[in-house]
Amino acid sequence: MIKYKILIVDDEQGIVTMLKDYFEFHGYLVYTAMSGAEALKEINSKPDIILLDINMPDMDGLDVCRTIRDHVSCPIIFFDCKNRRNGCNHWIPVRRG
């Protein structure tokens, strides 16, 4: 059975852990990055999809996307957790190409 690879990028450890546990439970191979710089290194894992936080301190998700878009063809889904008490409340799908 093929395991699809997901790269989760967020500077909030709790969110990364929650998403990682969920997707691993459902059979996905999960890579994580806690910053934009780490995300750039993890691109070598050739993910099938990237879940990317928009607001991160060192390099925001939009800058990460601009940097990697010429090197990956997988879908990128942006998310933003502005309302930390209620969890992630904004998911923004971005089409390839």
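Buried here means under 20% relative accessible area, exposed means over 50%, and partly exposed covers what lies in between. The tour applies these words to a predicted model.

**Whole chain**

Start with a cartoon of the complete protein. It shows 3 helices and 5 strands. Read from the N terminus, the order of elements is β-α-β-α-β-α-β-β. Switch on a surface: about 6,100 Å² is exposed, and carbon and sulfur atoms supply 53% of that area. Of the 97 residues, 35% count as buried. For a contact map, consider pairs of residues at least 6 apart in sequence; 55% of those contacts join residues at least 24 apart.

**Helix α1**

Select residues 13-25, which form helix α1. Place a distance label between the end C-alpha atoms of α1; they are 18 Å apart. Since 13 residues at 1.5 Å a residue should span 18 Å, the distance agrees with the expected one.

Which residues of α1 are buried? Show side chains for Ile15, Val16, Leu19 and Phe23, which are the buried residues of this helix. Then turn the view to look down the axis of α1: the buried residues fall within an arc of 95 degrees, so they line one face of the helix. To see what covers them, add the strands β1 (5-9), β2 (29-33), β3 (49-53) and β4 (76-80), which are included in that cover.

Now rotate to the face of α1 turned away from its buried side. Gly14 and Phe25 are the exposed residues carried there.

Stay on α1 and select Lys20 and Glu24. These two form a salt bridge, with the closest N and O atoms 2.7 Å apart. Both residues belong to α1 and are 4 residues apart, about one turn of the helix. Glu24 is partly exposed, at a relative accessible area of 37%. Lys20 is also partly exposed, at 26%.

**After α1**

Move past the end of α1 to Gly27. This glycine follows the helix and has a positive phi, near 95 degrees. Next select Tyr28, in the loop between α1 and β2. With a relative accessible area of 31%, Tyr28 counts as partly exposed. Add Ile2 and Tyr4 to the selection: together with Tyr28 they make a nonpolar surface patch of about 340 Å².

**The loop between α2 and β3**

Helix α2 covers residues 36-42, and the loop from there to β3 contains Ser45. Lys46 lies in this loop as well. Is Ser45 buried or exposed? Its relative accessibility is 12%, so Ser45 counts as buried. Select Lys5 and Tyr31 to see what Ser45 is in contact with, leaving aside its neighbours within four places in sequence.

Lys46 is exposed, with a relative accessible area of 61%. Check its backbone torsions too. Most residues other than glycine have a negative phi. Lys46 is not a glycine, yet its phi is positive, at about 55 degrees.

**Helix α3**

Select residues 61-68 for helix α3, and show Gly61, Val64, Cys65 and Ile68, which are its buried residues. Look down the axis of α3: these buried residues fall within an arc of 100 degrees, so they line one face of the helix. Add α2, β3 and β4 to the view, against which the buried residues of α3 pack.

Then select Asp63 and Arg66. How far apart are the closest N and O atoms of their salt bridge? The distance is 2.8 Å. Asp63 and Arg66 both lie in α3, 3 residues apart, about one turn of the helix. Asp63 counts as partly exposed, at 33% relative accessibility, whereas Arg66 counts as exposed, at 57%.

**Last selection**

Finish by displaying the charged pairs together. Side chains of opposite charge can pair when their charged atoms come close. A search of the whole structure finds 2 salt bridges. One of them is Glu24 with Lys20, and Asp63 with Arg66 is another pair that forms a salt bridge.

Terms used:
Residues are numbered from 1 along each chain as its sequence is written. This is a predicted model: local features need pLDDT of at least 70, side-chain atom pairs count only at pLDDT 80 or more; totals for chains, interfaces and linings use all residues. Side-chain values use heavy atoms; hydrogens and water are left out. Helices (H or I, at least four residues) and strands (E, at least two) are DSSP runs, numbered from the N terminus. The expected span of a helix is 1.5 Å times one less than its number of residues. Buried means under 20% relative accessible area, exposed over 50%, partly exposed in between (1.4 Å probe, protein chains only). The arc is that of the directions from the helix axis to the C-beta atoms. Contact means heavy atoms within 4.5 Å. Patches are made of residues with over 30% relative accessible area and no salt bridge: like charges are joined within 9 Å, nonpolar side chains (Val, Leu, Ile, Met, Phe, Trp, Tyr) within 5 Å. Accessible areas come from the Shrake-Rupley method with a 1.4 Å probe; for residues, only the protein chains shown count as cover. A salt bridge is a side-chain nitrogen of Lys or Arg within 4 Å of a carboxyl oxygen of Asp or Glu.
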